Amino acid sequence: MSSSVEAITVLSSDGDEFKITVSAAKLSKPLNWMLEDVCFSDDCDEVPTIEVNSKTLVKVIEYCEKHAPRANSGASDSDAEELKKWDIEFMKMDVKDILFHILMAANYLHMEGLYDLACQTAADLMKGMTVSQIRKIFHIKNDFSSEEQEQLRRQHPGCSFD
Amino acid sequence: MAPFLPQEIITNILKRLRVKSLIRFQCICKHWKSLINTPSFIADHLHHSGSHNHSIIFHPRQKGDRTLHFYLLDCEMQVREVQKAPLMDYFARDAAIVFTSNGLVCVKFDNHASCGSPPRLLLWNPATRDKGLVPTNINDFGDQFSWNKIFVGFGFSPIINDYKIVMFRFSYRAVDWVELYSLTSESWKEVKCGTLAGLMNLWDQTVTANGVMYWFGWLERHGSRDVTIVSFDIANEVFTLIPSPDFYPSPYSSTLTVHEDRLAVLSLNRYQSKSIDLWVMDEAIGSSRGIRSWTKKYTCVFSSYCFVCPLTIWRNEIFCSGVHERPENVRLEPALFNLTTNKIKLGFMDTLCNLGHHVAYKYHAFNYVESLVPIGGTKF
C-alpha cells in the first residue's frame with residue numbers, strides 16, 4: 001500500500017464527490033476495504049460509490065473525522081468527556097430529516113459507535129412521543145380492530161392508541 | 001421523508017426503551033406488539049437493561065400488617081416509591097422480598113391459616129405490573145409445632161432457562177423437607193437433601209447468582225457449631241456446603257451479595273464495629289467442584305457512624321443502613337459507600353420522609369433491573 005495516500009475520494013448515491021481521510025475511513029470496515037482496493041488497484045482513477053445520500057454522507061464523514069484520532073490512538077478521559085459532549089451536539093438532528101438515514105448508513109457501513117449513538121438518540125426521542133407521532137415517522141398504520149384495542153386497554157389501563 | 005427502517009434497527013432502538021414506554025408502544029401496531037412480546041426481544045431488552053439500568057429495590061422490615069412500601073433507587077441515584085402489587089393490601093402480613101431475578105420479584109408473606117404453616121408466595125414484575133400467586137406447596141406442614149422454621153429461595157438458571165423457588169422446613173434443628181417449584185412446569189416437587197446433614201438452621205437472607213442460590217446457615221458437627229454457606233445448583237438440583245470466610249458471623253451484621261460475578265460476603269469487621277469488610281470467593285460462581293478460598297477485598301470505615309448494617313453491593317457502592325452521628329441529631333438512614341472514592345452518600349431518608357415513610361431499623365435491599373419478563377402461570 002502506498003503510504004502517501006492520505007485521503008480517498010468517494011461518491012455518494014446522489015453522485016457527489018466526497019473526500020475522507022484514511023484514518024477516518026478506518027472507523028468503517030467497508031470503507032476500509034474500499035480504501036485498500038483503491039490503494040492496491042492499478043487503476044487509481046476509479047472512484048467507489050457509497051450507497052448513502054450526500055446529506056447523510058456529510059454527517060457520517062464529519063463523525064468519522066472527529067472520532068478518528070481517538071479511535072486510532074486512544075485518548076485521555078478528558079478527551080472522552082469532550083467527545084461525549086460533541087456527540088450530544090452532533091445528534092441534535094431531525095428524526096424525519098436525517099436521523100433515520102444516519103441509522104441506515106451506520107448499519108450499512110458497520111460503524112458500531114455511530115450506530116449505537118443513533119439508536120440511543122432515536123430511543124430517547126421516542127420516549128416523549130405519542131403513539132400516533134411514532135406511527136407517522138415509522139410509516140405504520142394502526143391495524144388493531146376496535147375489539148383488540150379494547151382488550152389491550154383492559155390489559156394495560158392507560159394505554160392510548162393516539 | 002424518513003426511510004423505512006429494517007426490523008434489525010427497530011429492535012436495536014426498542015431494546016433501549018424503558019418498560020413503561022414499551023407497554024405504551026404495544027399499541028402502535030400488531031407487528032410491534034408481537035415483537036415486544038417475543039422471548040428473544042425480552043432477553044435482548046433484559047441484557048441491555050442489565051448493563052444500563054441497574055437499580056436497587058428496598059423495603060423496611062415489616063412486622064404485623066402495616067402496609068409495606070417498596071422503594072427503588074435508580075441508576076441516576078433517585079429514590080421513588082414503587083407501585084405495589086394491589087393484593088399486598090390483603091395479604092401483606094410480615095411480608096418481605098425473598099429475592100429478585102431478571103426483574104421478577106418473589107415476595108413471601110405470612111399465611112394466617114395456622115402457626116408453622118408455609119408462607120404464601122407472590123411473583124411480581126413491578127415494571128409490567130404483572131403478578132401472580134404461586135400455587136401452594138405440596139406439604140402444608142399442618143398440625144406441626146410452631147417452632148418449625150421455613151426458609152425460601154428464588155432464582156434463575158441460564159442453563160435451563162427456568163426460574164425456581166426452594167422451600168426448606170427445619171424441624172427439631174434439622175432439615176426435614178425440601179420442595180422445589182419451577183416456573184416452567186408450574187408445579188412443586190420434593191427434592192432430596194441428604195447432603196445437608198448437620199445443618200441446624202438457615203439465615204433468612206438469600207442470594208442467587210449464575211444459577212446458584214446461597215444461604216448462610218449453622219452447621220453442627222462433632223459437637224461444635226460453625227457458620228456455613230449452603231448452595232443450591234438450580235439446574236442440577238444439588239445442594240453443597242461451602243466454607244464461609246473468617247468473619248464475625250451474625251445475621252444482623254453480615255450479608256451475602258455478588259461482586260463482579262462472584263459470591264461475596266459483606267460483614268462487620270470482627271474488631272472494629274465501624275468497619276465493613278468485603279470478602280470475595282475466589283472461584284467463578286456456578287462451578288460445583290474445586291477449592292474455594294476467600295479474599296478480603298476491601299475494608300470500608302464508617303467513621304461518622306455509631307452503627308452500620310450492610311445490605312448489598314450495587315455497582316461500586318455498598319448499600320447499607322446505619323445510625324449516623326450528625327452534628328444536629330442522631331438518625332438511622334440508608335446510605336451508599338463508594339468503594340472507589342471511600343465517600344459516603346447520605347440523604348435518602350429525606351426523600352423517604354417526603355414519601356411518607358417512617359424510620360425503620362432494618363431494611364431489605366436487592367439489586368434489580370427492570371424487564372419485560374412474564375411471570376407465567378395463572379395471573380389475576
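Of the 380 residues in chain B, 42% are buried, meaning that 20 or more other C-beta atoms lie within 10 Å of a residue's own C-beta, placed from the backbone; residues with 12 or fewer are exposed, and those in between are partly exposed. This is a predicted model, in which local features need pLDDT of at least 70, side-chain atom pairs count only at pLDDT 80 or more, and totals for chains, interfaces and linings use all residues. Residues are numbered from 1 along each chain as its sequence is written, while chains are lettered from A and ligands numbered from 1 in the order in which they are written.

**Chain B**

The secondary structure of chain B comprises six helices and 24 strands; helices (H or I, at least four residues) and strands (E, at least two) are DSSP runs, numbered from the N terminus. Among contacts in this chain between residues at least 6 apart in sequence, 48% join residues at least 24 apart. Two residues are in contact if their C-beta atoms, placed from the backbone, lie within 7 Å.

**The contact between the chains**

Chain A gives 29 residues to the contact and chain B gives 18 residues. On the chain B side, helix H1 (7–14) and helix H2 (19–25) each supply at least two residues. H2(B) provides the largest share of that side, four residues. By class, the chain B side has twelve nonpolar, three polar and three charged residues. Here Ala, Val, Leu, Ile, Met, Phe, Trp, Tyr, Cys and Pro count as nonpolar, Asp, Glu, Lys and Arg as charged, and the others, Gly among them, as polar.

**Annotated regions**

UniProt records one domain in each chain below, both from unreviewed entries. The positions are in the numbering used here, feature names are shortened, and annotations may be inferred rather than shown by experiment.

| UniProt feature | Residues | Helix | Strand | End C-alpha distance |
|---|---|---|---|---|
| domain: F-box | 1–46 of chain B | 65% | 0% | 33 Å |
| domain: SKP1 component dimerisation | 113–157 of chain A | 71% | 0% | 38 Å |

**Helices of chain A**

Helix H4 (residues 77–90) of chain A has 14 residues and should span 20 Å at 1.5 Å a residue, which agrees with its end C-alpha atoms being 20 Å apart. The expected span is 1.5 Å times one less than the number of residues. H4(A) is hardly covered, with zero buried residues.

Helix H6 (residues 112–127) of chain A has 16 residues and reaches 23 Å from its first C-alpha to its last, close to the expected 22 Å. Its buried residues are A:Leu114, A:Tyr115, A:Leu117, A:Ala118, A:Cys119, A:Thr121, A:Ala122 and A:Met126.

The axes of H6(A) and helix H5 (residues 95–108) of chain A come within 8 Å and cross at roughly 145°. Axes are lines fitted to C-alpha atoms, for helices over the stretch in contact, and angles run from 0 to 180 degrees between N-to-C directions. On the H5(A) side, the residues that meet H6(A) include A:Leu99, A:Ile102 and A:Leu103. This contact has eleven nonpolar, two polar and no charged residues.

**Positive phi angles**

Most residues other than glycine have a negative phi. A:His110, not a glycine, has a positive phi of about 50° and sits in the loop between H5 and H6 of chain A. A:His110 counts as partly exposed because it has 15 C-beta neighbours inside 10 Å.

B:Met77 also has a positive phi, near 65°. B:Met77 lies in the loop between strand S2 (70–73) and strand S3 (79–82) of chain B. With 12 C-beta neighbours inside 10 Å, B:Met77 counts as exposed.
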